[in-house]
Amino acid sequence: MVNTLRLGGRQWLLALGLILLVILLTPWLWKQVERFDAGPDYRIPYSLSKDYWLFQRRLEDKLPPRSIVLLGDSVVWGEYVLPDGTWSHFLNAQSGPEATYVNGGVNGLFPLALEGLVDDYGRAMRRQKVILHCNLLWLSSPKADLQTDKEETFNHSRLVPQFSPRIPCYRADANERLEALVERHVNFVGWVSHLQDAYFAQKSLLKWTLEDDGGDPARYPNSYRNPLAQVTFHVPEAPLDDPQRGPKSSRHKPWTESGGATSFEWVTLETSLQWAAFRHIVQTLRDRGNDVFVIVGPFNEHMVAEASQPPYRTLRDGVTTWLEEHKIPHLVPETLPSELYADASHPLTDGYALLARRTLESEAFQSWRQRQ
């Protein structure tokens, strides 16, 4: 007896139509049932730093009226501080109800990755005011600029240009690069990554199921668990009292307690991959109708060894010149007191408070903020 089921042309079209409907509707329906709490000091949790689908959702349906988005890396996110110690928090606290400053930082980001985040996940910011942070740390060496020929592992590799321009230290194979492109352009695939990041410890269902406990002999506790029980329909939140961040953390201390002046191998603007990506970000935002204000630094100049200071100043002045030539409102804040830095570019809590005050007091910023 033959039990083979053969589909005709219409049946194949119906099946494909149903599959397409599931792919298109599932991410939208998921947003209706999954709880996502985003208060005034919300930032993407550290554990979800690579959940770009969640970043997009944050911009699409969780922004209050008159929002100004701060875009950038861990300096905007707040590497050493709690949510109530960030740049955006103090901007909100010191400026009153005239606007809401939204923490759009992502931990571990850099211009080449931010370029991909803005291109593929940031369209919901169209026609909004945006503060874009320019961190010169990413131009502090050929390695930081991703120029080295030696293969390097770095954060957010799925966001960087996969084929052009070529990144010398990025050696992913063609399959991995194509997977990254599909995830960035197919909403359903991004949603699948969100499930993995939010509920399965950043692992695929197969890897989560086969994960061992590190013992000898190894045990596989997840192999007996119901995967559906992991899905709580509530986006995980960061711990209220993060032991790695905030004034009570052992990491929240001045940079001088753990190191001294540092020599940097600054790259030039003409050869920098990160600077080229930053310029593209600015142009993309402006093309979308965003009113962009760029803040350069403040870099911890106290940490720069004397021999590294002239090329640093040349680099900083070159960035400023480019912004002036392209008529982009900007601010180069005064360097903070040495004791308010945790490292080369991250302020401590009191440093963010002072940085916010200097930002709001700047005539350039006030003029930009008031214009329609």
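**Parallel strands, a nonpolar patch and local backbone features**

In this predicted model, strand β1 (residues 67–72) and strand β3 run parallel and are joined by 4 bridges. Within this pairing, V69 has V130 of β3 as its bridge partner. Strand β1 is also joined to strand β2, again in the parallel sense, by 6 bridges. Here L70 stands opposite N103 of β2. Strand β3 in turn pairs with strand β4 (residues 291–296) over 6 bridges, and these two strands likewise run parallel. In that pairing, V292 of β4 is the bridge partner of V130. Residue V130 of β3 is thus named in two pairings, with V69 and with V292.

The cover over two of these strands was examined next. Strand β3 (residues 129–134) is mostly covered, with 6 of its 6 residues buried. In a regular strand, the side chains alternate between the two faces of the sheet. In β3, K129, I131 and H133 point one way, whereas V130, L132 and C134 point the other way. The residues of both sets are buried. Strand β2 (residues 100–105) is mostly covered as well, with 5 of its 6 residues buried.

On the surface, a nonpolar patch of about 870 Å² is made by L5, L7, W12, L13, L16, I19, I23, V182 and V186. Helix α1 (residues 9–33) gives the most to this patch, contributing 5 residues. One of the patch residues, L16, is found in helix α1.

A buried polar residue was examined in helix α3. Residue S74 is found in this helix, which spans residues 74–77. S74 counts as buried because its relative accessibility is 9%, and the cut-off for a buried residue is under 20%. The side chain of S74 makes a polar contact with the side chain of H346, at 2.6 Å. When neighbours within four places in sequence are left aside, the residues in contact with S74 are E79, V106, N107, G108, H346 and Y352. H346 therefore appears both in the polar contact of S74 and, by the criterion of heavy atoms within 4.5 Å, in the list of contacts of S74.

Two cis peptide bonds were also identified. The bond from S164 to P165 is cis, with omega near 0°. P165 is found in the loop between β3 and α6 (174–185). A further cis peptide bond joins D216 and P217, with omega of about 5°. P217 has its place in the loop between α8 (205–209) and α9 (227–230).

Positive phi values were found in two residues, neither of them a glycine. L146 has a phi of about 65°, and its place is in the loop between β3 and α6. The loop between β3 and α6 thus holds L146 as well as P165. K327 has a phi near 55° and is found in the loop between α11 (309–325) and β5 (330–331). The two residues stand on opposite sides of the accessibility cut-offs. L146 counts as buried because its relative accessibility is 6%, a value under 20%. K327, by contrast, is exposed because its relative accessible area is 68%, a value over 50%.

Key
Residues are numbered from 1 along each chain as its sequence is written. This is a predicted model: local features need pLDDT of at least 70, side-chain atom pairs count only at pLDDT 80 or more; totals for chains, interfaces and linings use all residues. Side-chain values use heavy atoms; hydrogens and water are left out. Buried means under 20% relative accessible area, exposed over 50%, partly exposed in between (1.4 Å probe, protein chains only). Two strands pair if DSSP finds at least two bridges between them. Patches are made of residues with over 30% relative accessible area and no salt bridge: like charges are joined within 9 Å, nonpolar side chains (Val, Leu, Ile, Met, Phe, Trp, Tyr) within 5 Å. Accessible areas come from the Shrake-Rupley method with a 1.4 Å probe; for residues, only the protein chains shown count as cover. A salt bridge is a side-chain nitrogen of Lys or Arg within 4 Å of a carboxyl oxygen of Asp or Glu. A polar contact is a pair of N or O atoms within 3.5 Å; within protein, one must be able to donate a hydrogen and the other to accept it, and residues adjacent in sequence count only if both atoms are side-chain atoms.
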